Amino acid sequence: MSNSRIAICLFNEENQDLKPSELVVGENLQRVSFTADLTEEVLLFQRKSEMSTPSWVEIVKEFGDFSSEDLKTASSGAILFIKVGARIMGCCFGTSVANINRNNIETNFGLGVVYQKMLKNQTKSVSSFTLAHNPITNNRSSTIPTTRNNFDIDDYLENITELSVYFFQDSSSTLIKGKEFFSSPSPKVLKDIVELCKSALTDYEISKNDENFKKLTSARWVKDKKTIESLDNELCFAINNKSDDVFLIDYENIDNLSSYRFTPKGASLGDINISSLYDEISASRVVDITFLKYKQIFILDESSEIIANWSVYKCMFAEFTFGRDVFILYKGKWYEIDESYLSSLRTFIQQFEIDVDFISPWNGVDEERDFNIKASVELTGQCWDRIFYGTTEYSYKIEFCDILTEKYIFHVKKYDGSQLTSHLLMQTSVSAQLLNSDSKVKDWINDVVKNKFKGDNLLLDKDRNFKNDNVTYFILLMTQRKGRLSKFLPFFSLITLHLTIKRIIQLGFNVKFGKI
C-alpha cells in the first residue's frame, strides 16, 4: 500500500454500460487512453489541473507582503472505471470524487465494505443521525480505537452515515473509511487495485444481507435535488387535494407550550392538525412549496405570549411510496426508509400493545375528562385528571396520570388520526422520571390521596414503598379506528412511542399501550 488514497464507489445495478454521460459530471475531465493489459472492461479519465488563488489570500495580503503567484494551488485527479462482473466501479484519485455522478451510485457502498472489513474492537469514529425529535447528526470519535458497541448505537433510532476503522493486513494497520465511497490507502499496481475492487464488492454484497447492517442503514437522508423536487411536488399535490395522509407535528419539544396559532393574532388552537391548516388556506390558493416553507405556526405559552414560531413545512409529516421505495418528510427533511425497518419498528411496538377489553369502549363523543371519570369508576380506580404536581425541576406543572388503579398508571389521550401528540408521551416519560427519582413526589401522592380519595392509596404503602412490584404505565388512546395501533400509527408516532417505551423501561417500570 502507498501513502496515496483511493476512493471507490459502486454504480447502481441498472448502470450496465460504461457510458460517460451516466458516470461522470462536471468540467475539466478528459478521457485518457488505457495502456495496460487487463481483461476487465475499463474507462479512464483525468481531471486536469487548474491554477486558482484561494479566497483567503486577499485577507493575508492586507497585512503581509505575499506574492499571489506563490500561493496559487492546483487540483488534479483521475478516475478509473472498472467493470467487475456486471457491476461498474469507480476508482478515484486526487480530487476526482467531485466528478462522480452521485445520482447513479449505491449510497451505502462504502459503509458496507468497512462494516465487513472492520475488526469490532478497532472502531475509530462513527457518524450517524437520529430520527427522534429533531433529526440530529452525531459524530463520535475515540483517541484510542475501541469497540463499535462502546458508541452505544441504537439501531432502531440511529442510522450510521460514516464509519472510520483500522484494518489489519500484512501485520500492519491502515485507516479505512466508509460512506458512499470506500476510502483506503491505494495499492501501487493495477492488479492489486482490481483485486481491492473485487474484495470490496464481495464485502458489500455480504453486508446487504446482514440483518444488523440493514438496521443501521435503514434510513437515508435524501440529498438529490431532483428527487427532493419531485417529492415536494407530490406533497403539494396532496395538500391541494386536502389529503388526510399528511400530518402536522411539533417541530420541537417546548416545555411551556400551551397553544398554537397560524397568524400572530389568529385563533388559538389546543392542537395542530392538518384539517386546521386546510381551513386556514384560502379556497382559491394553489399551494406550492414556497408557501409551505414561509407559512408559520406560532407557539404560545399559558399567558398567550408567542414564544416560538415554526415553518409549516418543518412541521409536516408525509409518507409516499413509489414502487418499492418509501420516502418520508420529517422535520423539514426527506428520508428514504427501508420497508424492513418500518416492519421491525412495528414489531418492536407490538410487544407492548394489548387488547383493552376491561373497559367499555369509548363512544366517540365524550371528551377526555368525561371518559376518564367514567373509566375510573368502572375500573374501581381513581380519576387523577387535571391534578398537577409542581417541581423546581420543570418550568411547568406535571399531570402525574389520568387514571390510577392498583395495576396501572394510565395516561389517556384522544387520537383523531392527525398525530400521536408528543405532549402525552412526554408527560408519561416525565411522570415516570419523577416517580423514579423525585423524593417529594411520593409525599405529594400521599397528600392528594388524603385530600381527594379518603386516604385510599392504590400505589404506595404506609412506608411510601410501591404496593405492586411491577408498576406499569399504560398509554391509552381513545380512537374508533379499526385494527391494531402498531399497524396504523404513522412513522413519526412509532419513533416517539419507541423512545417513550425505552425510557420508561430504563427507569425501572413496565409499559403497556392500547386503544379504547
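**A guided reading of the predicted model**

In helix H12, the buried residues are Val441, Trp444, Ile445, Asn446, Val448 and Val449. The structure under discussion is a predicted model, and helix H12 is a convenient place to enter it. This helix covers residues 441–452, and its 12 residues should span 16 Å at 1.5 Å a residue; the C-alpha atoms at its ends are 16 Å apart, so the expected span and the model agree. Just after H12 comes lysine 454, whose phi is positive, at about 55°.

Before the account turns to other parts of the chain, the confidence of the prediction deserves attention. The mean pLDDT of the protein is 83, and 86% of its residues reach 70 or more. Over residues 143–151, however, the pLDDT is below 50, although this stretch has 29 contacts in the model beyond near neighbours in sequence.

The strands S13, S14 and S15 may be taken together. Strand S14 comprises residues 296–300, and four of its five residues are buried, so the strand is largely enclosed by the rest of the structure. Strand S13, residues 259–261, is joined to S14 by three bridges, and the two run antiparallel. Within this pairing, tyrosine 260 has isoleucine 299 of S14 as its bridge partner. S14 also pairs with strand S15, residues 306–311, again in the antiparallel sense, over five bridges. Here glutamine 296 is matched with serine 311 of S15 as its bridge partner. S14 and S15 form a hairpin with five residues between the strands, and in this hairpin serine 304 takes a positive phi near 65°.

Strand S5 offers a view of a charged residue and its surroundings. Arginine 87 belongs to this strand, which covers residues 87–94. With a relative accessible area of 8%, arginine 87 falls under the 20% limit and is therefore buried. What does the side chain of arginine 87 meet in polar contact? One partner is the side chain of glutamate 106, at 3.0 Å. In addition, a polar atom of the arginine 87 side chain lies 2.7 Å from the backbone oxygen of phenylalanine 11. Setting aside neighbours within four places in sequence, the residues in contact with arginine 87 are Leu10, Phe11, Asn12, Glu13, Ile82, Glu106, Leu201 and Glu205.

The cysteines raise a separate point. The structure holds zero disulfides. Cysteine 91 is in no disulfide, and the nearest cysteine sulfur to it, that of cysteine 197, is 3.3 Å away. Cysteine 197 is likewise in no disulfide, its nearest cysteine sulfur being that of cysteine 91, at 3.3 Å. Why does this pair not count as a disulfide? A disulfide requires sulfur atoms within 2.5 Å, and the 3.3 Å separation does not meet that limit. Cysteine 91 is buried, with a relative accessible area of 0%, and cysteine 197 is buried with a relative accessible area of 0%.

The last stop is a loop. Leucine 38 is found between strand S2 (29–31) and strand S3 (42–47). Is leucine 38 buried or partly exposed? Its relative accessible area is 22%, and leucine 38 is therefore partly exposed, since buried residues lie under 20% and exposed ones over 50%. Leaving aside neighbours within four places in sequence, leucine 38 is in contact with Leu190 and Val194. Leucine 38 and lysine 191 are 153 residues apart in sequence, yet their C-alpha atoms are 8.4 Å apart in space.

Key. Residues are numbered from 1 along each chain as its sequence is written. This is a predicted model: local features need pLDDT of at least 70, side-chain atom pairs count only at pLDDT 80 or more; totals for chains, interfaces and linings use all residues. Side-chain values use heavy atoms; hydrogens and water are left out. Buried means under 20% relative accessible area, exposed over 50%, partly exposed in between (1.4 Å probe, protein chains only). Contact means heavy atoms within 4.5 Å. pLDDT is the predictor's confidence in each residue, from 0 to 100. A polar contact is a pair of N or O atoms within 3.5 Å; within protein, one must be able to donate a hydrogen and the other to accept it, and residues adjacent in sequence count only if both atoms are side-chain atoms. Two strands pair if DSSP finds at least two bridges between them. The expected span of a helix is 1.5 Å times one less than its number of residues.
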